[in-house]
Amino acid sequence: MPLIRLDKFLSDSGAGTRSEVKKLVKTGRVTVNGITAKDCSAKVDTCANVCVNGTEVYYSKYIYLMLNKPAGVISATKDKKDKTVIDLLRPPYSKMQLFPAGRLDKDTVGLLLITNDGDFAHSTLSPSKHISKTYYAEAEGHFTPDIVSVFEEGITLDDGYVCKSASISIDTLTEDRIKAYITVTEGKYHQIKRMIEALGGKITYLKRIAFGEIKLDESLEGGEYRSLNAEELAYVSSVKESSI
Ligand code: URA
């Protein structure tokens, strides 16, 4: 396993800038495999169990954050008019040139990954990776239970594009409203809204709850974020490594 300096491990894991993490070590707030660390220059395994104030942090060459995007902010790095998802970040992340991997509409809430790994962000856009995205959706309209097979067969959008087979799992269905979980494997512009519009309905609430195998951490309030954990990072690696 590769060995790196403890201060590099800590700063690459997002625990702080080099000088901030030095302070953390000096004040005894860092443990390596359960033992309080004393020396920033000590070499540690990139797979070591490293905790800051008792919470495990994970080494990664790149930063990957899971954000629970609130409504009203846009999925961009900067904007003249609107607040962006990057404006929600605090130091050290706000200083790190991060960007969103993919996008959610201004009024859509939920799981958005933020990173500085361009290869990963690029590969999530590749249709050949078939990354599924699951949304909890509420919509107005007159729907029937056969919406399940309509989604399966592929909905035709306003511009004639026929969507790939998608799934919808109905939570509540009334005369003029539906609450459901929708999973798609592509990311066309306003896709879910347009799929529902193609059926004569209108989305009133949309929340992304999963991106591939990464599920939204429901303990994050809107606007809060956290680093991906080891399991989630393994999924990120698998997406990057899959050759198709
Ligand atoms: N589909 C939409 O219509 N909007 C989003 O933000 C995401 C998927």
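Let me begin with a definition: when I speak of a domain, the bounds of that domain come from an automatic or database domain assignment. With that in mind, and remembering that what we have here is a predicted model, the centres of domain 1 and domain 3, taken over C-alpha atoms, are separated by 45 Å. The protein chain is divided into domain 1, which covers 3-57, domain 2, which is made of 64-126 + 225-241, and domain 3, which covers 132-211.

I would like to start with the sheet that includes β3 and β6. This open sheet has four strands in the order β3-β2-β5-β6, and the pairing is antiparallel. β3, at 35-36, and β6 stand at the edges with a single partner strand each, so one side of each is left without a neighbour in the sheet. Further in, strand β2, residues 30-32, and strand β5, residues 50-52, run antiparallel and are joined by three bridges, and there V30 stands opposite V52 in β5.

Moving along the chain, we come to the loop between β6, at 55-57, and β7, where S60 lies. Is S60 buried or exposed? S60 has a relative accessible area of 12%, and because buried means under 20% relative accessible area, S60 counts as buried. A polar atom of the side chain of S60 lies 2.6 Å from the backbone oxygen of Y62.

Now let us turn to the nonpolar cores. The largest nonpolar core has 34 residues, and those with the most contacts inside it are I114, F151 and M195. Among the elements that give two or more residues to this core are β9 (109-115), α4 (147-153), β12 (177-184) and α5 (191-198), and the largest share, four residues, comes from β12. Which domains does this core draw on? At least three residues come from each of domain 2 and domain 3. To take one residue from the core, M195 touches F151, I155, L157, C163, A166 and V184, if we do not count residues up to four places away in sequence. There is also a second, separate core of 17 residues, which includes Y64, F120, A121 and V236. As a general point, nonpolar side chains tend to be buried together in soluble globular proteins.

Let me stay with β12 a little longer. In a regular strand, the side chains alternate between the two faces of the sheet. Along β12, I178, A180, I182 and V184 point to one face and are buried, whereas R177, K179, Y181 and T183 point to the other and are not. As for its partners, β10 and β12 run antiparallel and are joined by eight bridges, with Y136 standing opposite Y181 in β12. Strand β11, residues 167-174, also runs antiparallel to β12, with seven bridges joining the two, and here I168 stands opposite I182 in β12. β11 and β12 form a hairpin, with two residues between them.

Finally, I come to S132, which lies in the loop between α3, at 118-125, and β10. S132 counts as partly exposed, at 22% relative accessibility. Although S132 and V184 are 52 residues apart in sequence, they are 5.5 Å apart in space, C-alpha to C-alpha. If we leave aside the neighbours within four places in sequence, S132 is in contact with T183, V184, T185, A210, F211 and G212. V184 therefore brings us back to β12, where it is one of the buried residues on one face.

Methods: Residues numbered from 1 in each chain as written. Predicted model: local features only at pLDDT ≥ 70, side-chain atom pairs only at ≥ 80, totals over all residues. Heavy atoms only, no water. Core = buried A, V, L, I, M, F, W, Y, C linked by side-chain atoms within 4.5 Å. Buried < 20%, exposed > 50% of the residue type's maximum accessible area, 1.4 Å probe, protein only. Contact = heavy atoms within 4.5 Å. Polar contact = N/O pair within 3.5 Å; in protein donor to acceptor, adjacent residues only side chain to side chain. Pairing = 2+ DSSP bridges.
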